[in-house]
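User: I'm new to reading protein models, and I'd like to understand the reasoning behind the labels people use. Could you walk me through it?

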Amino acid sequence: MGGYGAFKLALRKPEKFAAAASLSGALDMADRVRKDRKYDNAFGDHAVLEGTENDLLHLVKTAEGELPRLFQACGTEDFLYEDNIRFKKLAEERGLDLTYEEGPGDHNWAYWDMKIQRVLEWL
């Protein structure tokens, strides 16, 4: 859950971070928790994340002040692709400093090994 965690920390504590990156992140956890009980161990039985500080989309909607730069990449064959598109659209609507990249790729090390090089260049 690295991409989710990186963006969550950057959006909750923007004064502590200059930048954050997400590679194939689960960026709409509120939707995932609502649909699948397997996340109960992470967030609690019958957890509702929507509208809380664990909901990245909520954090983007309510963000104030200067936020860290964000880098987001996701492969178009990744099972989290739609989560990433929802986050991207909202971040762009809100005017966040977001660098977004997508292309062929799945939720695997081959994609992340390639994209981490781009993150390092971006930083």
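**Reasoning behind the labels**

User: What makes Trp112 count as buried?

Analyst: Trp112 has a relative accessibility of 17%. Buried means under 20%, so Trp112, at 17%, counts as buried. Keep in mind that this is a predicted model.

User: And is Trp109 buried or exposed?

Analyst: The relative accessible area of Trp109 is 64%. The label "exposed" calls for over 50%, so Trp109 is exposed.

User: How many aromatic pairs are there?

Analyst: The count is three aromatic pairs. One of them joins Phe7 and Phe87, with ring centres 5.2 Å apart and planes at 35°.

User: Why is the pair of Phe7 and Phe87 called tilted?

Analyst: Two values go into the answer, as a pair of aromatic rings is described by the distance of the centres and the angle of the planes. The centres must lie within 6.5 Å, and planes under 30 degrees apart are stacked while those over 60 are edge-to-face. An angle of 35° fits neither of those, so the pair is tilted.

User: How do you know that this pair links distant parts of the chain?

Analyst: Look at where each ring sits: Phe7 belongs to helix H1 (residues 2–12) and Phe87 to helix H5 (residues 81–93), 80 residues apart. Phe7 is buried at 0% relative accessibility, and Phe87 is buried with a relative accessible area of 0%.

User: What makes the pair of Trp109 and Trp112 edge-to-face?

Analyst: Trp109 and Trp112 have their planes at 85° and their centres 5.1 Å apart. An angle over 60 degrees counts as edge-to-face, so that is the name for this pair. Trp109 and Trp112 are three residues apart in helix H6 (residues 109–122), so about one helical turn separates them.

User: How do you know that the charged end of Arg69 sits over the ring of Trp122?

Analyst: The charged end of Arg69 is 4.3 Å from the centre of the Trp122 ring. The distance cut-off is within 6 Å, and the charge must also be within 35 degrees of the ring normal. Lys88 has a similar role to explain: Lys88 lies over the face of Tyr100, at 5.2 Å from the ring centre.

User: How does the span of H5 fit what is expected?

Analyst: H5 has 13 residues and reaches 18 Å from its first C-alpha to its last. That is close to the 18 Å expected at 1.5 Å a residue. Its buried residues include Tyr81, Ile85 and Leu90, and the buried residues of H5 pack against H1, H2, H4, S2 and strand S3 (98–103). Just after H5, Gly95 has a positive phi of about 75°.

User: How many salt bridges does a search of the whole structure find?

Analyst: The search finds nine. Among them is the one between Arg86 and Asp31, at 3.7 Å from N to O. Arg86 is in helix H5 and Asp31 in helix H2, 55 residues apart.

User: What makes Arg86 and Asp31 a salt bridge?

Analyst: Side chains of opposite charge can pair when their charged atoms come close. The nitrogen and oxygen must be within 4 Å, and 3.7 Å meets that, so the pair qualifies.

User: Why is Arg86 called partly exposed, and is Asp31 buried or exposed?

Analyst: Arg86 has 33% relative accessibility, so it counts as partly exposed, lying between the 20% and 50% limits. Asp31 is buried, with a relative accessible area of 11%.

User: Which residue forms a salt bridge with Lys88?

Analyst: Glu92 does, with the closest N and O atoms 3.2 Å apart. Lys88 and Glu92 both lie in helix H5, four residues apart, about one turn of the helix. Lys88 is buried at 19%, whereas Glu92 counts as partly exposed at 47%.

User: And what joins Arg118 with Glu121?

Analyst: A salt bridge does, the closest N and O atoms being 2.8 Å apart. Arg118 is partly exposed at 28%, and Glu121 counts as exposed at 58%. Elsewhere, salt bridges that share partners join Asp28, Asp31, Arg32, Asp83 and Arg86 into one network.

Technical notes:
Residues are numbered from 1 along each chain as its sequence is written. This is a predicted model: local features need pLDDT of at least 70, side-chain atom pairs count only at pLDDT 80 or more; totals for chains, interfaces and linings use all residues. Side-chain values use heavy atoms; hydrogens and water are left out. Rings of Phe, Tyr and Trp (its six-membered ring) pair if their centres lie within 6.5 Å; planes under 30 degrees apart count as stacked, over 60 as edge-to-face and the rest as tilted. Helices (H or I, at least four residues) and strands (E, at least two) are DSSP runs, numbered from the N terminus. Buried means under 20% relative accessible area, exposed over 50%, partly exposed in between (1.4 Å probe, protein chains only). The expected span of a helix is 1.5 Å times one less than its number of residues. Contact means heavy atoms within 4.5 Å. A salt bridge is a side-chain nitrogen of Lys or Arg within 4 Å of a carboxyl oxygen of Asp or Glu.
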